[in-house]
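Biologist: Could you take me through this model step by step, explaining each term when it is first used?

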Amino acid sequence: MTTSTLTFDVIDAAVPLAPDHPAWALRRQRDKVVAATQGSYDAMFSPAVEGLSVSERLLVALHACCVSKADSLAAHYRDRLVAEGADGAVIAAVDAGKPVADARLQAVLAFTGKLIERPIEGDRAAVQSLADSGLSTPAIVAMSQLIAFLSYQIRVAAGLKALAAVEVAA
């Protein structure tokens with residue numbers, strides 16, 4: 001096991017475990033995975049990604065977390081949206097699972113929901129709906145990568161919470 005030099009880790013913030021907790025130690029057995037997970041997060045929300053604004057990507061993340069009932073991660077993305085200065089009404093609508101007025105955002109959130117809840121529906125027609133909403137091919141690829149990352153991140157957090165719960169119950 002190596003010692004992490006990360007200063008902030010979204011998973012650690014979403015699943016606060018003490019360093020003496022067995023689930024924390026288990027996760028740290030592969031520090032390069034911990035670093036790669038946070039590195040992926042940093043890349044997914046980099047301002048350098050073209051075609052989707054940081055706020056749009058954060059709304060995708062909030063929606064994915066709400067659909068997945070990943071409350072602590074949803075809180076993280078909600079906080080980031082507020083920090084980015086995103087429209088509070090849009091944040092509230094996405095948070096509540098209500099429709100949004102912007103057609104492009106509607107298409108993005110619908111695609112997100114399909115890939116998170118029913119991935120088999122993420123077919124050619126679903127991708128075409130994104131293109132019809134004005135997303136470029138690189139933006140569609142970036143969004144698909146983001147949704148895949150979010151699925152992974154949500155599962156890691158859920159797994160750590162489950163391990164922590166089992167350890168407490170034992």
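Modeller: Let us begin with a definition: a residue is called buried if its relative accessible area is under 20%, exposed if over 50%, and partly exposed in between, using a 1.4 Å probe and protein chains only. This is a predicted model, in which local features need pLDDT of at least 70, side-chain atom pairs count only at pLDDT 80 or more, and totals for chains, interfaces and linings use all residues. Residues are numbered from 1 along each chain as its sequence is written, and side-chain values use heavy atoms, with hydrogens and water left out.

Biologist: What percentage of the residues of the chain count as buried?

Modeller: The chain has 170 residues, and each of them can be judged by the cut-off just given. The share that counts as buried comes to 39%.

Biologist: How many helices does the secondary structure of the chain come to?

Modeller: Helices (H or I, at least four residues) and strands (E, at least two) are DSSP runs, numbered from the N terminus. The chain has zero strands, and its count of helices is nine.

Biologist: What radius of gyration does the chain have?

Modeller: The radius is taken over C-alpha atoms, and the globule rule is 2.2 Å times the number of residues to the power 0.38. For 170 residues, a compact globule would have a value near 15 Å, and the value of the chain agrees with this, being 17 Å.

Biologist: Which helix gives the most to the largest nonpolar core?

Modeller: A nonpolar core is a set of buried Ala, Val, Leu, Ile, Met, Phe, Trp, Tyr and Cys residues joined through side-chain atoms within 4.5 Å. The largest one here has 49 residues, and F45, Y77 and L150 are among those with the most contacts inside it. Helices that each supply at least two of its residues include α3 (31–44), α5 (71–84) and α9 (137–169). With eleven residues, the helix that gives the most is α9.

Biologist: Why are the buried residues of α3 on the same side, and what arc do they cover?

Modeller: In α3, the residues D31, V34, T37, Q38, Y41 and M44 are buried. The arc is that of the directions from the helix axis to the C-beta atoms. These residues lie on the same side of α3 because the arc they cover around the axis is only 165 degrees.

Biologist: Which residue near the end of the list of contacts of F45 belongs to the final helix, α9?

Modeller: Contact means heavy atoms within 4.5 Å. Leaving aside neighbours within four places in sequence, F45 is in contact with residues including V54, L58 and Y77. Since α9 is defined as the run 137–169, the residue in question is L146.

Biologist: How far apart are the ring centres of Y41 and Y77?

Modeller: A pair of aromatic rings is described by the distance of the centres and the angle of the planes. Rings of Phe, Tyr and Trp (its six-membered ring) pair if their centres lie within 6.5 Å, and planes under 30 degrees apart count as stacked, over 60 as edge-to-face and the rest as tilted. Both Y41 and Y77 are buried, and their planes are at 40 degrees, so the pair is tilted, with a distance between centres of 6.2 Å.

Biologist: Ring pairs link Y41 and Y77 into a cluster with which residue?

Modeller: Y41 forms a further tilted pair, with 5.1 Å centre to centre and 50 degrees between the planes. The partner in that pair, which completes the cluster, is F45.
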